[in-house]
Amino acid sequence: MAKAPLALERFLPYRLSVVTNRISGALSRHYADRFGIGIPEWRVIAILGRYAGLSANQVAERSAMDKVTVSRAVAALEGKGLLERERDDGDKRKSRLTLSGKGQQVYAEIAPLALGFERDLLTALTAEEAVQLDRIIDRLNAKMDAVDAGR
């Protein structure tokens with residue numbers, strides 16, 4: 001019995017990866033030259049801009065980036081003076097991460113750019129389709145939570 005070939009261009013995980021990579025790449029062009037940061041650094045800034053005081057592990061969990069990528073992004077941001085690290089009083093092996101004053105300024109400039117980019121991107125959809133997309137993404141994430149819990 002012949003098995004159906006994998007049509008990669010129609011394979012959902014591949015298609016989602018391609019579209020997210022294209023969107024992230026287009027967005028990163030808006031801030032890479034201006035602020036000298038890449039996609040992982042931007043994600044760390046965005047997370048800490050909303051949730052100050054997280055550990056690097058918590059940033060990794062929220063961003064779905066691996067710990068090595070987060071660690072490199074944190075080190076790069078710290079080196080650029082955009083992030084500050086404070087040792088956790090309860091566990092000296094952990095650090096709490098916050099944006100520096102300069103990091104907060106970058107966040108304040110980038111967040112509106114990102115939101116404007118998102119608004120423009122969503123013009124490809126009707127309002128109803130945008131709501132449906134949001135629900136679909138939530139359902140796919142819930143399914144992946146269940147898959148991860150079953151491991």
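Colleague: In this predicted model, buried means under 20% relative accessible area, exposed over 50%, and partly exposed in between. Is E109 buried, exposed or partly exposed?

Modeller: The relative accessibility of E109 is 37%. That value lies between the limits of 20% and 50%. E109 therefore counts as partly exposed.

Colleague: Which residue meets the side chain of E109 in a salt bridge, and in which helix is that residue?

Modeller: The side chain of E109, in helix α5, forms a salt bridge of 3.0 Å, N to O, with R34. The pair links distant parts of the chain, 75 residues apart. At 51% relative accessibility, R34 counts as exposed, because the cut-off is over 50%. The residue is R34, in helix α1.

Colleague: How far apart are the end C-alpha atoms of helix α1, and what span should its 24 residues have?

Modeller: Helix α1 covers residues 12-35. At 1.5 Å a residue, it should span 34 Å. The distance between its end C-alpha atoms agrees with this span, at 33 Å.

Colleague: Where does α1 bend, and by about how many degrees?

Modeller: The bend is located at S28, which is also one of the buried residues of α1. The angle at S28 is about 35°.

Colleague: Which helices do the buried residues of α1 pack against?

Modeller: The buried residues of α1 include L27, Y31 and F35. They belong to a set that packs against two helices, residues 39-50 and 101-122. These helices are α2 and α5.

Terms used. Residues numbered from 1 in each chain as written. Predicted model: local features only at pLDDT ≥ 70, side-chain atom pairs only at ≥ 80, totals over all residues. Heavy atoms only, no water. Helix = DSSP H or I, 4+ residues; strand = E, 2+ residues; numbered from the N terminus. Expected span 1.5 Å × (residues − 1). Bend = angle between axes of the 7 residues up to and from the residue. Buried < 20%, exposed > 50% of the residue type's maximum accessible area, 1.4 Å probe, protein only. Contact = heavy atoms within 4.5 Å. Salt bridge = Lys/Arg side-chain N within 4 Å of Asp/Glu carboxyl O.
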